[in-house]
Amino acid sequence: MSAKVEDKPQDMVTIEVNGQEIQAPKGSMIIEATDAHGVDVPRFCYHKKLPIAANCRMCLVEVEKAPKPLPACATPVAEGMKIYTDSPRAVAAQRGVMEFLLINHPLDCPICDQGGECELQDVSMGYGRGVSRFSERKRVVDDENLGPLIATEMTRCIHCTRCVRFLDHIAGKRELGGMNRGEYTEISTFVEGGVHSELSGNIIDLCPVGALTNKPFRFKARAWELLAHPSVAPHDAVGSNVHLHHRRGEIMRVVPRENELVNETWIADRDRFSHQGVYSEDRLDRPMVRVDGELRPCEWEEALDRAVTLLRDVAAKHGADQLGTLVGPTSTAEEMYLLNRLTRGLGSPNIDHRLRDGDCSDQAEAPAFPWLGQPISALEDVQAALLVGSYLRHEQPILNHRLRKATKAGARVSVINNRRYDFNYDLVEEILAGPSAQIAELAAVLQAVVTEKGGKLPEGVDALYREKPQAHHQAIAQQLVEAERATILLGNQAAANPRAALLRALASALAEQTGAVLGVLPEAANSVGGWLAGAVPHREAGGDAADNVGLHAREMLAQPRQGYLLYNVEPELDCWDGRQAAAALTAAQAVVAFSSWLTPELAREADVVLPIAAFGETSGTFVNLEGRWQSFPGIGRPVGEARPGWRVLRVLGNLLELDGFEYESSEEILRELQARVGEVTPSAAYPWVAPEPVSPRSEGLERASATPIYAVDPLVRRSAPLQQTRHAVAAEAWLAPATASRLGVEEGGRIRLGEDSVELPVRVSDEIAEGTVWVPAALRDSAALGPMNGELDVAGH
């Protein structure tokens, strides 16, 4: 007698589907097994990323020995199970469900925006009746006002609850729910509150019918009129994969492109709706030069000749080091590489894309690029996390989603921030501290770790926090030490700290002591690419140290240059000190700007403005925060006479008689850049240098700030639908109650701040750290305040 040898893993079972024997993971659902083997089972409520609801019943299948058809989405597979998805019994059940679903569904397909890509249409063609047997009156449901992004036709709703489950389990806030019972069931908001999640647009994709549709896109085009092309989201450093849908070269909408390693199947609303800014009213469609004090349209040849003349004159009269190049971090790697070669070809080492960085003093010893320290997907598995200077939910929404998944599995998250933010998961510890105080708080956590597990403090840490670590410091230290998989994440607000280098060094030391992974989160879509392409003053493309180290962005504005080359940047809104940026441009002899839009500031200060292609109109490459290179084509037709930026830079380089600007395509530039970069070993280790003690803060106010989610770059600032959401904040002065009382101001009052006496409305909240005034950055009404973080005088109230 011989035993049967199993040739399958122990966690697999053998089942039979329509007479074919297959293997499936033990405990998985029938629908997962059939999907994996290409067997079609109709469904509406099921989605592989959402909890199972089994309430549409469309996926009923026949299972041998079961008394009635079973829902494939909610029935686990078992050894020896025999399943029939297309048997007469299964098909009859599916047809019956379809008939019930259509009883109250309106026959308005010709005017429905979902027409042509509607799951109900597709499934009804296979399982619906030719003529309805239902002759009674159909029900009608009032529409919901969900906000400026999502249009509703709730009479079409089939109650699949995909939207409800997404907002509850993925977005982290239950903003929709089922009301009433039976035929009177409605999907509605709570007290007409609307839907405000930064991921809310995903329910448009999830809705299998035309109940929830893209409001800005509504009635603009039919699905069959559109062509889809792959692209990469141009805002945060995750690099979410998207499809751009266009009609005859006009970008009509953006939808997610599945990439399990990056964004799974989701994208943030910022990535979905920002394309509306491509065609804003101030879009620049012709080159312009300044004539008799005014910018006037001209031909490309005249504009380029003027740019060449201005750049050469500055270099000849004042020296090449009087030229400075400021690069927007959402520019492509190819554009940044050409800008590096062009700037250094003119003899200037002054180039930088780190426009909102508050401190670059550690740049010489810094790693090759700011790095997450781990794959994006690894965030789901961490057991403890410490966020420093980060509202991750708005800075990198997809990263925050990954971390939220970890919290649902038991991960403990703590934060050190300048205000209390609305995270969509519970925090273990939340320390409120102004920018200068954050250094002491992080030093206290490091001291608590050394006390907890032994070891030696880096030199000078004891001087940063002279008291005994408190209970909350000890709690954070304990969670980092005890976790097998822990991470420390430094966000955008940490990068904007005036002593950001010390924060990075402290975080690096803390990670070394605890075994945690340090992640330094880059701000923008191609911040990493800027480092690799040489758009920094101290390194060449590929990361080699530059022979001649130039000025970084803050220095270029604090020590004004005679000439500036601006690329895809609006300095008064995109720089760390908007007031200083405006003053530097005013004092400059020559300003040459490459831009997709004409701002009032450019109209006032620029001598030449060259129109370049915007998002979707040019090919290029972004490098995300895990070092992943992602290229995309240009599919939109540039507006007017705008041209892809790399083409304009190529021509300008030739006119300046610089060597090596004979490129025929952006792919050729990319190949050259990648050859120079080679194999870069990423690192998140920042060397420790004994710091000077932090001087006690004066009794005055300290400004703290963050860049609002819909103000991070020129494109998103021009998206009208996003600017109508509640996340498009106004410039207001937020104060803690004790601080407001000391200053003698109250909620709804006015206060004048800074050297220019900028007057702002007052908001009083216990969400703000005492001694600070929190004013959002990147807004025109707050740009004149000066630095994003630092001492700020009160001029009156």
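## Strand pairing and helix packing in a predicted model

Five strands form an open sheet with mixed pairing, and their order across the sheet is 2-1-5-3-4. At the edges are strand 2 (20-25) and strand 4 (70-71), each of which pairs on one side only. The model described here is predicted.

Strand 3 (residues 60-63) and strand 5 (residues 82-84) pair in the antiparallel sense, with two bridges between them. Within this pair, Val-63 has Ile-83 of strand 5 as its bridge partner. Helix 2 (residues 88-103) packs on the sheet and touches both strand 3 and strand 5. The direction of helix 2 makes about 160° with that of strand 3.

A record adds a label to a stretch of this chain. An unreviewed UniProt entry annotates residues 89-128 as "domain: 4Fe-4S His(Cys)3-ligated-type". In the model, the span 89-128 is 60% helix and 0% strand. The C-alpha atoms at the two ends of residues 89-128 lie 16 Å apart.

Further along the chain, strand 13 takes part in two pairings. Strands of a sheet are joined through backbone hydrogen bonds, and the pairing can be parallel or antiparallel. The table lists antiparallel pairs of this model, including the one already described.

| Strand pair | Sense | Bridges |
|---|---|---|
| Strand 3 (residues 60-63) and strand 5 (residues 82-84) | antiparallel | two bridges |
| Strand 13 (residues 288-291) and strand 14 (residues 294-297) | antiparallel | four bridges |
| Strand 13 and strand 24 (residues 608-611) | antiparallel | two bridges |

Strand 13 and strand 14 form a hairpin, with two residues between the strands. Asp-292 lies in the turn and has a positive phi of about 55°. In the hairpin, Arg-290 has Leu-295 of strand 14 as its bridge partner. In the pairing of strand 13 with strand 24, Val-289 stands opposite Val-608 of strand 24.

The last topic is a contact between two helices. The axes of helix 8 (residues 333-345) and helix 21 (residues 645-655) come within 9 Å and cross at roughly 20°. Angles under 35 degrees count as roughly parallel, and helix 8 and helix 21 are therefore roughly parallel to each other. Their crossing is left-handed.

Which residues of helix 8 and helix 21 meet? From helix 8 they are Glu-335, Leu-338, Leu-339 and Leu-342. From helix 21 they are Gly-645, Trp-646, Leu-649, Arg-650, Leu-652 and Gly-653. Sorted by class, the contact of helix 8 with helix 21 has six nonpolar, two polar and two charged residues.

Conventions. Residues numbered from 1 in each chain as written. Predicted model: local features only at pLDDT ≥ 70, side-chain atom pairs only at ≥ 80, totals over all residues. Heavy atoms only, no water. Pairing = 2+ DSSP bridges. Contact = heavy atoms within 4.5 Å. Axes fitted to C-alpha atoms, helices over the stretch in contact; angles between N-to-C directions. Parallel < 35°, antiparallel > 145°, perpendicular 65-115°, else oblique. Left-handed = near helix turned anticlockwise from the far one by under 90°. Nonpolar A, V, L, I, M, F, W, Y, C, P; charged D, E, K, R; others polar. UniProt positions renumbered as here; feature names shortened; annotations may be inferred.
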